[in-house]
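Trainee: Hi! Could you walk me through this one? I have never looked at it before.
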Amino acid sequence: MSTHHPIAGVPESEPARSAVRPLTAAQVCGITVFPLLGAGLALAGVPVPDVLTLLAGCGAIGAGTIAAAGGGRRLLTALASTAVRAAAGTETGSK
């Protein structure tokens with residue numbers, strides 16, 4: 001198999017894999033539920049900034065969970081250090 005052309009070494013009987021993955025049920029649910037939940041809360045009289053804060057918090061928890069489950073330790077470390085620096089009020093580039 002060529003390192004420059006990974007498909008070159010694949011026999012003709014095996015179809016090449018597509019780089020596009022289908023959406024999972026969790027992704028489809030998040031795409032549909034978040035706007036509906038936000039609209040429902042806004043219609044119920046919850047102030048829009050509170051709705052946005054709630055949905056942003058839920059999204060951050062979901063993104064952190066997916067990153068942790070996917071083994072994204074470097075990403076989580078970078079996010080955690082950025083959050084700590086932001087909470088401490090220091091610049092990101094300073095050590």
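Trainee: What do the buried residues of H2 pack against?

Mentor: In this predicted model, the buried residues of H2 pack against helix H1 (25-43) and helix H3 (73-88). Helices here are DSSP runs of H or I with at least four residues, strands are runs of E with at least two, and both are numbered from the N terminus.

Trainee: Which residues of H2 are buried?

Mentor: They are Val51, Leu55 and Ala67. Buried means under 20% relative accessible area, exposed means over 50%, and partly exposed is in between, using a 1.4 Å probe and protein chains only. Seen down the axis of H2, the buried residues fall within an arc of 125°, so they line one face of the helix. That arc is taken from the directions from the helix axis to the C-beta atoms.

Trainee: And what does the face turned away from the buried side carry?

Mentor: That face of H2 carries the exposed residues Pro49, Thr53, Ala60 and Ile61.

Trainee: How far apart are the ends of H2?

Mentor: The end C-alpha atoms of H2 (residues 48-69) are 31 Å apart, which agrees with the 32 Å that its 22 residues should span at 1.5 Å a residue. The expected span is 1.5 Å times one less than the number of residues. For H3, with 16 residues, the expected span is 22 Å and the end C-alpha atoms are 22 Å apart, so that agrees as well.

Trainee: Back to Val51. What is it in contact with?

Mentor: Leaving aside neighbours within four places in sequence, Val51 is in contact with Gly38, Leu41, Ala42 and Val46. Contact means heavy atoms within 4.5 Å. Val51 has 5% relative accessibility, so it counts as buried. Its C-alpha atom is separated by 8.8 Å from that of Leu37, 14 residues apart along the chain.

Trainee: How about Leu76, where is that found?

Mentor: Leu76 is found in helix H3, and it is partly exposed, with a relative accessible area of 30%. Not counting residues up to four places away in sequence, Leu76 touches Gly64, Ala67 and Ala68. Just after H3 comes Gly89, whose phi is positive, near 80°.

Trainee: Changing topic: which residues line the largest pocket?

Mentor: The lining is Thr24, Ala26, Gln27, Gly30, Phe34, Cys58, Gly59, Gly62, Ala63 and Ile66. H2 gives the largest share, five residues, while H1 and H2 each supply at least two. On a 1 Å grid over the protein atoms alone, a pocket is an open set of points where a 1.4 Å probe fits, with protein on both sides within 12 Å along at least five of seven lines, and lining residues have an atom within 4 Å of a point.

Trainee: How many helices and strands does the chain have?

Mentor: Three helices and zero strands, in the pattern α-α-α along the sequence. Of the 95 residues, 4% count as buried.

Trainee: Which element has the lowest mean pLDDT?

Mentor: H3 has the lowest, at 78, and H1 the highest, at 86. pLDDT is the predictor's confidence in each residue, from 0 to 100. The chain has a mean of 76, and 74% of its residues reach 70 or more. Where pLDDT is low, the predicted coordinates should not be read in detail.

Trainee: Anything about how the values were made?

Mentor: Local features need pLDDT of at least 70 and side-chain atom pairs count only at pLDDT 80 or more, while totals for chains, interfaces and linings use all residues. Residues are numbered from 1 along each chain as its sequence is written, and side-chain values use heavy atoms, with hydrogens and water left out.
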